[in-house]
Amino acid sequence: MKNIKLSTLWDSLRSSYWFVPTLMAGGAIALAFTMVTLDQSGKSGPIQKLGWVYTGGPDGARTVLSTIAGSMITVAGTAFSIVIVALTLASSQFGPRLLRNFMQDTGNQVVLGTFIATFIYCLLVLRTVRGDNYNVFVPQISVTVGILLGVASIGVLIYFIHHASTSIQSSHVITEVNKDLDHAIDHLFPEQIGHGIPQKRRWVEEIPVNFDEEASPILAINSGYLLAIDEEQLLKLAKSKDLLLRLNYRPGHFIVHRHEIVRVWYGERVNEKLTHQINDAFILGSERTEQQDVEFSIQQLVEIALRAISPAINDPFTAIRCIDRLSAGLSRLAQKEFPSPYRYDEDNNLRVIANPVTFVGLVDEAFNQIRHYGSSDVAVTMRLLEAIAIIGIQTRNQKDRMALLRHAEMIKRGSQEAVSEECDRQDIEERYLAAVKVLRQ
C-alpha cells in the first residue's frame, strides 16, 4: 500500500501554481548552462553546419534574447491575470470549493511554467554574450535554442487562450468534477459486487460487551478537515499493542481540537505516546480533497446544481447536467462492493472499526438538497425521478433500493406542494410511477 502521507503531499503539490513552474524554471537553468557550456567547448561545429543555427553577431544576439525575455515576462503577467479572472468567475458561478479543480489544472501550470522558463533561459544566456574588441563570444547554439523556446511559447499561448475560454464553461467544469468522482470511485471501491474475494462474515459479538465502559477516548491534537486515514499504520499499531480501535470520523469530516476521534480498548493502555501515534495516522488539512473522500466530488456536483437553480441564476439546464452526472456516479457505486467497517490483522483478529461511507448516505448527499431547492422546478424534478429509475436498474441491494424509493416518494410529495399546474403534476406522476416500477421489480 502506498504511503498515504506522500500521496497527500503530492496531491497538495499538484494543486499549487508554484510547483510545476518551479520545476520548469529549474529545467531552464540547467538547459541554459548546458547550452552555454556546449558553445564554449567548441564542439558545436557539426550542429552549426545544419544551416538553421543563429549566425549573427553579439549585438544581434543581445537584441534577440532581450526581445524574447521581455515579451515572455509580459505574456506571463497577462496569463496570470487571465487565470485570476477565471478563478474569480469560477468562485462566483460555481462556488469557492471548485477553485481547487482550477488550481489542479496542469495545463495552466505548464503554460505559466513555459513563459517563466523561457524568460529565465534567455536571461541567463544573455549574460554570457560578449562583444568588446578583444573578447567576443556569441553562444550561437544557446541563442538558437532561445529562439525555438520563443516559438514554442507562441504555440503555448494559443493553447492557453483556447484552454482558458473552455475551462470556465459549465459543461467542462461538470465533466472534470465527474472525472474526479469516477477516479475516487475506482480508487476507493475497486471491487465489483460478486467479483472480489468473498469476505468472511463477521458478527457484532466480536466487539467486547463492555467496550464503551472500558474504552478510553483519544482526543484530537489539531483541528482541520480529515483528508486521509493511514489505516495500515493504525492496524500495525493496534496489533503491536493488542488494541481495538473504533474510529469516530472518516475522510471529509471536520475534526475539532481536543474532540474524541478514536476510542481505544483496552483503555488502561492509553498514554501520551499512543495519543500522538494515533493522531499521526489522521492527516488533516485546511480544505477537503477527493483522495479518500468520495462524498466531496458528489457535493461539488450538488453545489453547482444548487447555484444553477437559485433565483439569482435560474439555470435549470446546468442543474440537469449535474443530475445526469450524479446518476452516472451512483449507478457505478451501486455496482461496487462497499468495504466492511471491520478491519482485521494477519492473525484474523478484529483491530479497527471504521466509520464507513454507505450507498444510502451517498444517495442522501446527492439528492437531499437538490430535491429541497428544486421542488418548484418541473424539469429538475422530473430529471431527479428519471435519475432514480436509472440508478435503480443497476441496484441489486434491497436496502439501497428502499433508499432510492424513499427519495422518489419525497420528490413526489414536494412537487405536489410546489407545482400548481395539473399537467405538470401528471408528468411528474408518470416519472414517479416509472421509478417505482423499476425499484419494486
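**Figure 1. The hairpin of E9 and E10 in the predicted model.** Five residues lie between the two strands of this hairpin. One residue, asparagine 348, has a positive phi near 70°. Strand E9 and strand E10 (residues 350-353) run antiparallel and are joined by three bridges. Tyrosine 344 has leucine 350 in E10 as its bridge partner.

**Figure 2. The open sheet of five strands.** The strands follow the order E3-E7-E5-E10-E9, and their pairing is mixed. The edges are held by strand E3 (216-219) and strand E9 (342-344). Each of these has a single partner strand, so one side of each has no neighbour in the sheet. From one strand to the next, the twist averages 25°. Within this sheet, E5 and E10 pair in the parallel sense over two bridges. Here arginine 246 stands opposite isoleucine 353 in E10. Strands of a sheet pair through backbone hydrogen bonds, in either the parallel or the antiparallel sense.

**Figure 3. Helices H10 and H11 against the sheet of five strands.** The twist of this sheet averages 25° from one strand to the next. Helix H10 (residues 231-241) packs on the sheet and touches strand E5 (244-247), E9 and E10. The direction of H10 makes about 140° with that of E10. Helix H11 (residues 272-280) also packs on the sheet, where it touches E3, E5 and strand E7 (260-265). Between the directions of H11 and E3 the angle is about 60°.

**Figure 4. Backbone details in two loops.** The loop between H10 and E5 contains aspartate 242. Phi of aspartate 242 is near 55°, which is a positive value in a residue other than glycine. Tyrosine 266 is found in the loop between E7 and H11. The peptide bond leading from tryptophan 265 to tyrosine 266 is cis, with omega near 15°.

**Figure 5. The open sheet of three strands, with helix H1.** The order of the strands is E6-E4-E8, and the pairing is antiparallel. Strand E6 (254-255) and strand E8 (282-285) stand at the edges; each has a single partner strand, so one side of each is without a neighbour in the sheet. Four bridges link strand E4 (residues 224-229) to E8 in the antiparallel sense. Alanine 228 stands opposite isoleucine 283 in E8. Helix H1 (residues 4-14) lies across E4 and E8, and runs at about 125° to E4.

**Figure 6. The packing of helices H14 and H15.** Helix H14 (residues 359-373) and helix H15 (residues 378-394) pack at an angle of about 165°, and their axes are 11 Å apart. At this angle, H14 is roughly antiparallel to H15, because angles over 145 degrees count as such. The crossing of H14 past H15 is right-handed. From H14, the residues Phe359, Phe367, Ile370 and Arg371 meet Val380, Leu384, Ile388 and Ile391 in H15. Of the residues in this contact, seven are nonpolar, none is polar and one is charged.

**Figure 7. Confidence along the predicted chain.** The protein chain averages a pLDDT of 87, and 93% of the residues score at least 70. Over residues 194-203, pLDDT stays under 50. For this stretch the model has seven contacts beyond four places in sequence. Where pLDDT is low, the predicted coordinates should not be read in detail.

Methods. Residues are numbered from 1 along each chain as its sequence is written. This is a predicted model: local features need pLDDT of at least 70, side-chain atom pairs count only at pLDDT 80 or more; totals for chains, interfaces and linings use all residues. Side-chain values use heavy atoms; hydrogens and water are left out. Two strands pair if DSSP finds at least two bridges between them. Axes are lines fitted to C-alpha atoms, for helices over the stretch in contact, and angles run from 0 to 180 degrees between N-to-C directions. Contact means heavy atoms within 4.5 Å. Angles under 35 degrees count as roughly parallel, over 145 as roughly antiparallel, 65 to 115 as roughly perpendicular and the rest as oblique. A crossing is left-handed if the near helix is turned anticlockwise from the far one by less than a right angle, and right-handed if clockwise. Ala, Val, Leu, Ile, Met, Phe, Trp, Tyr, Cys and Pro count as nonpolar, Asp, Glu, Lys and Arg as charged, and the others, Gly among them, as polar. pLDDT is the predictor's confidence in each residue, from 0 to 100.
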